[in-house]
Each structure stands twice: as structure tokens, then as C-alpha cells.
Amino acid sequence: MSKSNYVKSQGQTRNHHCHWPGCDKQVPPAMWGCSGHWYKLPADLRTKVWAAYRPGQEINGTPSAAYVEVAKQVQEWINQNQPKKSGQPNLFDAPEPQDEAAPISRSEWIAQAKVVYLEAGDDEAMAQLCACHLCNEQDWLGGEVEEPRDAARDDINGRPAVKPALTEEERRERAARDNWATLNGVTFPS
């Protein structure tokens with residue numbers, strides 16, 4: 001499921017208000033805020049929030065360090081660009097970020113996926129081609145990048161079944177059958 005579909009499918013599961021200071025409008029926990037305040041943010045900040053958001057972080061309460069940093073940038077922007085009323089909070093109150101694995105580079109992603117293709121029996125050129133194609137299908141800008149080995153295994157498992165090649169004996173039998181059919185005006189399915 002794409003990140004966008006995930007967020008759209010999430011409902012109001014608990015008390016969660018818009019992160020705009022002073023806004024008490026309830027929004028689903030998967031959303032940063034109400035649409036009115038979301039679209040008051042500059043596009044570059046909305047893009048950063050979207051890129052740093054990980055589906056499910058609102059459920060387990062563990063936003064990434066990148067998300068917490070962007071949330072702070074958003075609050076700083078609001079504080080600098082919007083009139084402030086007294087008593088409003090001025091920073092996003094988020095839990096400490098959890099350690100997360102370093103992001104993977106595209107070349108490392110391709111190398112890891114390629115190993116799976118090679119193990120499945122693809123030759124070097126085909127494994128490289130499949131890994132590159134699969135890498136290009138990942139949502140690198142949106143941050144929805146699958147684990148390379150899992151993505152390659154899923155791709156291999158989704159391949160259509162290939163008919164095994166005929167043995168020499170089966171080729172001779174088929175040739176004899178086809179010769180007989182031609183002589184007798186009969187057609188066999190392939």
C-alpha cells in the first residue's frame with residue numbers, strides 16, 4: 001500500500017489535534033494537521049514532512065529523527081511567520097527519536113537485489129537489469145523504499161511460470177505426431 005493510500009485509510013483512532021499552535025481541530029493521527037493549516041505551510045516544508053513520515057509511526061509513537069527535525073523546522077517557521085497568541089506552545093513536542101538504520105544508496109540497493117536474482121538462476125546481465133529496473137520502481141523521493149532482498153524475492157515469485165524445454169525424446173515424439181497429423185489432415189494443439 002502506498003504511503004498516500006495508507007494515510008487516507010487511517011481514521012480518528014484517538015485524541016489527536018492539528019499541530020498548528022492553538023488549533024484544536026481533531027485529525028487522524030496519521031495526518032500532520034487540518035487541511036487549512038497544512039496548506040498554510042510552504043510547499044518545501046510539506047514535502048519534507050511527507051518525506052520524513054513513516055506509516056505507522058503514529059501508532060507506535062516512534063517518529064524518525066528526520067521527522068522530529070522537520071517538525072521542529074515547521075514550528076520554527078510558524079513562529080517566525082504567523083502572529084503568535086500568548087500561551088501557545090512553540091515547539092512540536094515529540095518523543096526522542098529512535099535509532100534507525102542508515103539509508104541505503106541506490107547502488108547498494110541494486111547490489112543486494114542482484115544477489116537474489118543471481119541466486120535464483122539469472123545470469124549476470126539479467127540480474128543487473130532486473131535489479132536496476134526494480135530499484136527504479138522504488139519511491140526514493142517519497143521515502144517508500146522496500147528492503148532490496150525482499151523486493152527481489154517478491155519480483156521473482158511474481159514471475160509467470162515458464163514451460164520447461166522439451167527433451168530430445170519429446171521433440172522426436174512431437175515431430176512424429178506432427179508428421180502423422182500433416183499426412184492425415186489432423187491438427188493438434190501446441
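**Exercise 1. Describe the overall build of the protein: how many helices and strands are there in it?**

Solution. The protein contains 9 helices and 0 strands, and the coordinates come from a predicted model. Reading along the sequence, one meets the pattern α-α-α-α-α-α-α-α-α. Of the 190 residues in the protein, 32% are buried. The surface that the protein exposes comes to about 12,700 Å², of which carbon and sulfur atoms supply 53%. As for contacts between residues at least 6 apart in sequence, 48% of them join residues at least 24 apart.

**Exercise 2. Work out which residues have the most contacts inside the largest nonpolar core, and which helix gives the most to this core.**

Solution. Begin with the core itself: the largest nonpolar core has 19 residues, and those with the most contacts inside it are Trp20, Trp32, Leu41, Val49 and Val74. Next, assign the core to helices: α1 (3–9), α3 (43–52) and α5 (65–81) each supply at least two residues of it, and α5 gives the most, with 4 residues. Apart from this core lies another, of 14 residues, which includes Ile110, Ala127, Leu134 and Ala151. As a general background to such groupings, nonpolar side chains in soluble globular proteins tend to be buried together.

**Exercise 3. Place tryptophan 32 in its surroundings: in which loop is tryptophan 32 found, and is tryptophan 32 buried or exposed?**

Solution. Tryptophan 32 is found in the loop between α1 and α2. Its relative accessible area is 5%, and because buried means under 20%, tryptophan 32 counts as buried. To see what surrounds tryptophan 32, set aside its neighbours within four places in sequence; the contacts that remain are Cys18, His19, Trp20, His37, Trp38, Leu41, Val49, Tyr67, Val74, Gln75 and Ile78. A further distance helps to place this residue: histidine 16 is 16 residues from tryptophan 32 in sequence, and the two are 9.5 Å apart in space, C-alpha to C-alpha.

**Exercise 4. Examine the aromatic pairs: how many aromatic pairs does a search of the whole structure find, and how are the rings of two of them arranged?**

Solution. A search of the whole structure finds 3 aromatic pairs. Tryptophan 32 and tryptophan 38 form one that is tilted, with 6.0 Å centre to centre and 50° between the planes. Tryptophan 38, at a relative accessible area of 18%, is buried. Tryptophan 50 and tyrosine 53 form a pair that is stacked, with 6.5 Å centre to centre and 20° between the planes; planes under 30 degrees apart count as stacked. Within this pair, tryptophan 50 is partly exposed at 32% relative accessibility, whereas tyrosine 53 is buried at 6%. Finally, Trp50, Tyr53 and Tyr67 form one aromatic cluster.

**Exercise 5. Determine how the buried residues of α5 and α3 are placed around each helix axis, and what they pack against or are covered by.**

Solution. Take α5 first: this helix has 17 residues and reaches 24 Å from its first C-alpha to its last, close to the 24 Å expected at 1.5 Å a residue. The buried residues of α5 are Tyr67, Val68, Val70, Ala71, Val74, Gln75 and Ile78. They cover an arc of only 165° around the axis, and therefore lie on the same side of α5. These buried residues of α5 pack against α3 and α4 (57–60).

Turn then to α3, where the buried residues are Leu45, Arg46, Val49 and Ala52. Around the axis of α3 they cover an arc of only 135°, which puts them on the same side of that helix. What covers the buried residues of α3 includes α2 (35–38), α4 and α5.

**Exercise 6. Explain why the buried residues of α8 can be said to line one face of the helix.**

Solution. First list the residues: in helix α8 (residues 148–157), Pro148, Ala151, Ala152 and Ile156 are buried. Seen down the axis of α8, these buried residues fall within an arc of 135°, so they line one face of the helix. The general geometry gives the reason for such spacing: an α-helix has 3.6 residues a turn, so residues three or four places apart point the same way. As a last step, ask what lies over this face; the cover of the buried residues of α8 includes α6 (106–119) and α7 (124–136).

How values were computed: Residues numbered from 1 in each chain as written. Predicted model: local features only at pLDDT ≥ 70, side-chain atom pairs only at ≥ 80, totals over all residues. Heavy atoms only, no water. Phe/Tyr/Trp six-rings, centres within 6.5 Å; stacked < 30°, edge-to-face > 60°. Buried < 20%, exposed > 50% of the residue type's maximum accessible area, 1.4 Å probe, protein only. Arc of directions from axis to C-beta. Contact = heavy atoms within 4.5 Å. Core = buried A, V, L, I, M, F, W, Y, C linked by side-chain atoms within 4.5 Å. Areas by Shrake-Rupley, 256 points an atom, 1.4 Å probe, with all protein chains shown as cover. Expected span 1.5 Å × (residues − 1).
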